[in-house]
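Welcome! Have the sequence and the 3D view open, and take the exercises one at a time before reading each solution.

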Amino acid sequence: MRTVGIGLSSGVSAEEVLAAVDAVLPGAPAPLRLVTLDRRVAEPGLVAAAARRGWALTGHPAEALARVRVPTPSAAVAARVGTPSVAEAAALLDGGALVVGKTVHGRVTVAVALDPSASAPTTTTTKEHPLTPDAAPEVLHPVGLRLSGRPVVVVGGGSAAHRGVVGLLEAGALVTVVAPAVTPALESLAASGALTWRPRAYRPGDLAGAWFALAATGDRGVDGAVAGEAERVRIFCTRTDAPAEGSATLPVTGRSGDLVVSVHGTDDRRTPAAVRDAVLAGLADGTLPVRSPGPRGAGGRVVLVGGGPGDPGLITVRGRQALAEADVVVADHLGPQTLLSSLPADVEVVDASKLPRGRAMAQERINELLVQHARAGRRVVRLKGGDPFVFGRGMEEVEACAAAGVPVEVVPGVTSAVAVPALAGVPVTHRGLTHEFVVVSGHLPPGHPQSLVDWPAVARLRGTVVVLMGVETAPAIAAALVEHGRDPGTPVAVVCEGSTPAQRTIRTTLAGLPAAFAAGDVRPPAVWVVGGVAHFGAPVTSRERSIRQG
């Protein structure tokens, strides 16, 4: 016979008692007896629950229960009722083995013990169900839920609920959040119609019609009640406060393209998270030797990847994934070069560099190579520095692929116009100082017949001017800005070889710019910033040295 020790608040209903017992002993048959404090044994809800199932019900004084040694004593409970654990002490009062420790379900706490006769060793090999004293460690059955278009209920409105909601919405679930108050992010999602918010406390029956439930209030009583209802109506439920006490547990997850990596583990989620991160990192950078074959029946395609300013750590996750899947990489010299060394040996790398005033592959030839390799069924990555659409001629390559009927994807990159100054401690905007910034190509000097820059208009701006590809033309650009109204004393920060170990910054003014470039032997690549923000520079990153010149 099983003994169920019960601790409960005054006024609980029979349904609450039955839900708590059913949660730990689903479909529990007789014989079974309930044991509690003598002053609670006459609680109408408890009496009704025992009568409904034909269970014996007995009560014992707190002094008797206090003499029982329990595994999880509580000083607060002892101070309140005279025994450190009503449920565990009541279950163990007559001896036997505890098979379910103290478990809280709303206003009811239960613990389960097997009587001494049942817990003694036997020669039979048949195990009692659902619980036996020698039960094997729990084994989770991993499964993926298809929740698209299916109702899901989340009880709670804090950060834990928000984290759960994000994943459920990504899966296409029809999410209803039940909580008196929610985070601003959840409120925004509700206002947009992405989810339904019921601004009140949880009530029994809120899970009706749901396929899945998430108890995330952080209140053990409320979360236990949600889990209890889910158990009764056979809805899988996850508890964020006590994952082991829910009927389902969420793995730590991550995505790599169409692949979902899910890792289950113990209550300590740090180890599963570390495993997930290692797998995702290996898939992203190609160190995990798994190359996706691509969609079935798919031919070649081109992915334009913005590689960022040069540091391999600044390429996007999608960019790393595209590289890991590539058969051919057509690369610029301004892209993250060290990533090329990590590619498998059978990946063809095409050098498409365009050196300033030097060797350069014609754009038309680059377009031809992209189309040629893709038509041969290969997955082609066009790896560019910065962002492919910021002075990167990326749209020309997109148009060439589209004209040839080749599928093309664009992966934006971290543009050097913002990233390189930031790495030197220079913000392109700053509250109270500038409300605009403009990025200018300096590859043609002011006055050049092919230049499309309105230099007088740029000079009249009060905000920040960021100049890319403007090393040789720097003296002429500075002179044009001063000529058309910019103060000669306007601060300038010149960041050379940004994001690389050789990064350095030269600080000067528009008037002193030509001399500073000459003295500092500035060569491409360099980004220079004009405006009040160029005064900033702290903290200077450890990878660079700062040079101040007049």
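The exercises below walk through this predicted model, each with a worked solution.

**Exercise 1. Get an overview.** How many helices and strands are there in the protein chain, and what percentage of its residues count as buried?

*Solution.*
- Step 1: Begin with the elements. The protein chain holds 17 helices and 23 strands.
- Step 2: Turn to burial. The chain has 550 residues, and 46% of them count as buried.
- Step 3: Look at contacts along the chain. Among contacts with a separation of 6 or more, 61% are between residues 24 or more positions apart.

**Exercise 2. Trace an open sheet.** What is the order of the five strands in the open sheet with parallel pairing, and which are the edge strands?

*Solution.*
- Step 1: Read across the sheet. The order is β8-β7-β6-β9-β10, and the pairing is parallel.
- Step 2: Find the edges. Strands β8 (196-198) and β10 (236-239) each pair on one side only.
- Step 3: Check the turn. On average, neighbouring strands of this sheet are turned by 20 degrees against each other, direction ignored.
- Step 4: Zoom in on one pair. Four bridges join β6 (residues 151-155) to β9 (residues 212-215) in the parallel sense, and V153 has A213 in β9 as its bridge partner.
- Step 5: Add a helix. Helix α9 (residues 220-233) packs on the sheet and touches β6, β9 and β10. The direction of α9 makes about 165 degrees with that of β10.

**Exercise 3. Visit one residue of the sheet.** Is T176 buried or exposed, and which residues is T176 in contact with, leaving aside its neighbours within four places in sequence?

*Solution.*
- Step 1: Locate the residue. T176 belongs to strand β7 (residues 174-178).
- Step 2: Apply the cut-off. Buried means under 20% relative accessible area. T176 has 15% relative accessibility, so T176 counts as buried.
- Step 3: List its contacts. With neighbours within four places in sequence left aside, T176 is in contact with V152, V153, V154, T196 and R198.

**Exercise 4. Compare two helix directions.** At roughly what angle do the axes of α1 and α9 cross, and which residues of the two helices meet?

*Solution.*
- Step 1: Take the axes. Those of α1 (residues 14-24) and α9 come within 9 Å and cross at roughly 75 degrees.
- Step 2: Name the arrangement. Angles from 65 to 115 degrees count as roughly perpendicular, so α1 is roughly perpendicular to α9.
- Step 3: Find the contact. On the α1 side are E15, A19, D22 and A23, which meet G228, E231 and R232 of α9.
- Step 4: Sort by class. The contact of α1 with α9 has two nonpolar, one polar and four charged residues.

**Exercise 5. Explore the largest nonpolar core.** Which residues in the largest nonpolar core touch the most other members, and which helix gives the most to this core?

*Solution.*
- Step 1: Pick out the central names. Of the 23 residues in this core, L481, V494, L513, F517, V522 and W528 touch the most other members.
- Step 2: Ask where the core comes from. At least two residues each are supplied by α15 (455-460), β19 (464-468), α16 (474-483), β20, α17 and β22.
- Step 3: Find the main contributor. Helix α16 gives the most, with four residues.
- Step 4: Follow W528. Leaving aside neighbours within four places in sequence, the contacts of W528 include V465, I477, V494, L513 and F517.
- Step 5: Look elsewhere. Apart from this core lies another of 21 residues, among them L18, L32, V100 and V112.

**Exercise 6. Spot unusual backbone geometry.** Where do R234 and E497 lie, and which peptide bond is cis, with omega near 0 degrees?

*Solution.*
- Step 1: Recall the background. Most residues other than glycine have a negative phi, and most peptide bonds are trans.
- Step 2: Inspect R234. R234 has a positive phi of about 60 degrees and sits in the loop between α9 and β10. At 79% relative accessibility, R234 counts as exposed.
- Step 3: Inspect E497. Phi of E497 is positive too, near 50 degrees, and E497 lies in the loop between β20 (491-496) and β21 (504-509). E497 is partly exposed, with a relative accessible area of 34%.
- Step 4: Find the cis bond. The peptide bond from P524 to P525 is cis, and P525 is in the loop between α17 (513-519) and β22 (526-530).

Technical notes
Residues numbered from 1 in each chain as written. Predicted model: local features only at pLDDT ≥ 70, side-chain atom pairs only at ≥ 80, totals over all residues. Heavy atoms only, no water. Pairing = 2+ DSSP bridges. Axes fitted to C-alpha atoms, helices over the stretch in contact; angles between N-to-C directions. Contact = heavy atoms within 4.5 Å. Buried < 20%, exposed > 50% of the residue type's maximum accessible area, 1.4 Å probe, protein only. Core = buried A, V, L, I, M, F, W, Y, C linked by side-chain atoms within 4.5 Å. Parallel < 35°, antiparallel > 145°, perpendicular 65-115°, else oblique. Nonpolar A, V, L, I, M, F, W, Y, C, P; charged D, E, K, R; others polar.
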